[in-house]
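Q: Please take a close look at one loop residue in this model. Then work outward from there to the rest of the chain, in plain steps.

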Amino acid sequence: MASTVAPDVSASPKSGEKRIDFHRMNRKAWIVTALLVLFQIVAFADKAVLGLVASEAMPDLGISAVEFGFIGSAFFFLYAVVSVITGFLAARFSVKWIILTMGVVWAVMQFPMLLGGGAAVLLVTRIVLGGAEGPATAMSLTSAHSWFEPRRRALPSNLVAAGSTLGPVIAAPALAWVIVAWGWRWAFGVLGIVGFVWVVAWLLIAADGPFAGHGKHNPADNRTGDRKPAQGSGEVATAEVDEQKPVVVWRALLSMTFLAAVIGGASNFWVQGFVTTWLPQYLGTVVGLSLPQVGTVTTIPWILGAAVLLLLGFLGHRLMKHGHNAHRAIAVPFGIAALVAGTCFILVQTTSGVPAVALLCLAAGCSLAYPMTASAIAYAVGAKQRPILMATLGGVASIGAIVSPTLVGWLMARAGYVSPAAGSKLTPEMATNMATGVHQAFTITGIILLVGGVLCILFLRPESLGRKLQSEYVKH
């Protein structure tokens with residue numbers, strides 16, 4: 001059986017013979033993967049905090065539902081731009097230092113709100129924070145992929161992706177307790193402190209793996225013989241994707257394969273925008289839960305999302321181990337999850353009470369698998385251009401999260417919802433108006449997920465795109 005990661009190969013000072021330490025490289029690969037999981041947890045906790053402080057921050061800051069929705073959307077204003085730029089930088093420089101820089105910015109951006117910032121400060125810090133977090137998934141996957149051979153990337157990729165769902169699971173109840181005990185501003189302060197602790201750990205432990213594509217490193221030098229033929233004459237062999245030559249990258253970005261990944265990913269970002277901005281207030285206002293209960297219940301979609309990602313990660317690992325390509329092992333399972341999510345969002349409005357909440361949790365949980373699209377598209381190009389495709393995908397797909405919070409706020413306002421003044425309680429009429437607006441958003445969300453799922457099942461075929469790029473668009 002081939003090693004899970006590339007071997008540690010070094011020259012003996014006496015004989016010049018090569019020495020291989022499989023155990024040390026395997027251990028290092030999983031340690032780095034664990035740190036990347038924590039990195040994703042911190043990133044998504046940063047996203048979730050805005051929804052958790054909504055009920056207290058909105059009246060304290062004197063902002064309306066539309067304005068709060070705009071601030072939620074603002075998190076993604078620089079998301080795309082920074083993602084694309086970082087993807088190109090990662091093709092030339094060490095991903096370790098790129099991730100370290102991102103972590104420092106995340107931590108620093110939390111403290112202005114702890115120190116008394118108003119609505120304008122919240123808006124600016126969310127914009128900057130979103131820009132710094134934009135490349136998070138792409139850089140995490142790039143780092144993880146640098147430690148594992150192509151056919152063994154499905155499981156570590158989904159473990160890293162599961163970190164994004166565990167962020168709110170851990171953060172929601174913890175931050176809800178912080179808000180009750182110390183006030184909503186300390187929710188930001190705690191995240192800043194945790195961020196700095198992670199930065200120190202990453203600085204001391206992390207490194208780029210043997211399959212990294214930046215600089216002059218050649219991933220082909222690390223092959224261990226786990227080479228399998230292509231699944232068909234029209235595809236690049238999955239085990240050999242890192243050895244593909246650099247191509248004219250805009251040809252990949254304009255392909256139907258990339259478009260399918262963008263729409264599928266955007267459908268997931270759309271749900272993220274709603275879940276992190278409006279779900280806590282919806283549960284508190286419409287369902288009538290207390291803040292501690294909201295902190296607990298909002299973890300359910302993320303727990304389900306983590307379970308879905310882990311299940312699909314193990315499934316993908318087994319499929320690729322038995323010779324299936326990334327389309328079958330990663331793209332198709334993602335598409336099926338999106339179809340389930342879209343169907344559940346549409347069905348939410350046909351029921352009420354506990355069944356409606358259960359459907360909503362299942363819908364949200366199955367639509368948090370965006371990193372699978374990035375992991376799949378990475379198989380279309382070689383290691384050097386891998387971060388470019390993944391980061392650009394994340395940046396463009398994030399448009400979904402830009403639109404959804406503001407759209408939900410607009411639909412609520414259109415239905416007659418008005419945020420109560422500081423110290424005032426929400427009336428039953430306003431709760432009904434909120435429910436009307438949010439339920440309209442559920443229908444739109446369901447349709448977007450269905451479209452994204454179908455497109456990924458049919459067209460997200462990275463190895464086929466890789467063969468075409470290698471045949472027609474290699475750089476000379």
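A: **From one loop outward**

Phe 211 sits in the loop that links helix H9 (185-205) to helix H10 (249-253). This is a predicted model: local features need pLDDT of at least 70, side-chain atom pairs count only at pLDDT 80 or more, and totals for chains, interfaces and linings use all residues. Residues are numbered from 1 along each chain as its sequence is written, and side-chain values use heavy atoms, with hydrogens and water left out.

Helices (H or I, at least four residues) and strands (E, at least two) are DSSP runs, numbered from the N terminus. Is Phe 211 buried or exposed? Phe 211 is buried, because its relative accessible area is 3%. The cut-offs are these: buried means under 20% relative accessible area, exposed means over 50%, and partly exposed lies in between (1.4 Å probe, protein chains only). Thr 142 is 69 residues away from Phe 211 along the chain, with 9.5 Å between their C-alpha atoms.

Now compare other loops. Leu 289 is in the loop between helix H12 (279-287) and helix H13 (291-297). Leu 289 has 22% relative accessibility, so it counts as partly exposed. Leaving out residues up to four places away in sequence, Leu 289 touches Leu 283, Gly 284, Val 294 and Val 297. Here a contact means heavy atoms within 4.5 Å.

Ser 424 lies in the loop between H19 and helix H20 (428-459). Ser 424 has a relative accessible area of 43%, so this residue is partly exposed. Pro 59 is 365 residues from Ser 424 along the chain, yet their C-alpha atoms are separated by 8.9 Å.

Next come residues inside helices. An α-helix has 3.6 residues a turn, so residues three or four places apart point the same way. Asn 158 belongs to helix H8 (residues 154-182). Asn 158 counts as buried because its relative accessibility is 5%. Leu 309, Leu 312, Gly 313 and Met 372 touch Asn 158, not counting residues up to four places away in sequence.

Ala 363 is part of helix H16 (residues 353-366). With 0% relative accessibility, Ala 363 counts as buried. Ala 363 touches Ala 341, Cys 344 and Phe 345, again not counting residues up to four places away in sequence. Pro 301 is 62 residues from Ala 363 in sequence, and the C-alpha to C-alpha distance is 7.8 Å.

Cysteines deserve a check. How many disulfides are there? A disulfide is a pair of cysteine sulfur atoms within 2.5 Å, and by this rule the count is zero. Cys 366 is in no disulfide, and the nearest cysteine sulfur, that of Cys 344, is 6.5 Å away. Cys 366 counts as buried, at 9% relative accessibility. Cys 361 is buried too, with a relative accessible area of 7%.

Two helices now get a look as a pair. Helix H2 (residues 65-74) and helix H19 (residues 399-414) pack at an angle of about 175°, and their axes are 7 Å apart. Axes are lines fitted to C-alpha atoms, for helices over the stretch in contact, and angles run from 0 to 180 degrees between N-to-C directions. H2 and H19 are therefore roughly antiparallel to each other. Angles under 35 degrees count as roughly parallel, over 145 as roughly antiparallel, 65 to 115 as roughly perpendicular, and the rest as oblique.

The contact residues of H2 include Val 66 and Phe 70. Those of H19 include Ile 402, Pro 405 and Trp 410. Seven of the 10 residues of H2 are buried, so H2 is largely enclosed by the rest of the structure. Among the buried residues of H2 are Phe 68, Ile 71 and Ala 74.

Last, the whole chain. The protein chain has 21 helices and two strands. Of its 476 residues, 57% are buried. Among contacts between residues at least 6 apart in sequence, 82% join residues at least 24 apart. The accessible surface comes to about 18000 Å², and 68% of that belongs to carbon and sulfur atoms. Accessible areas come from the Shrake-Rupley method with a 1.4 Å probe; for residues, only the protein chains shown count as cover.
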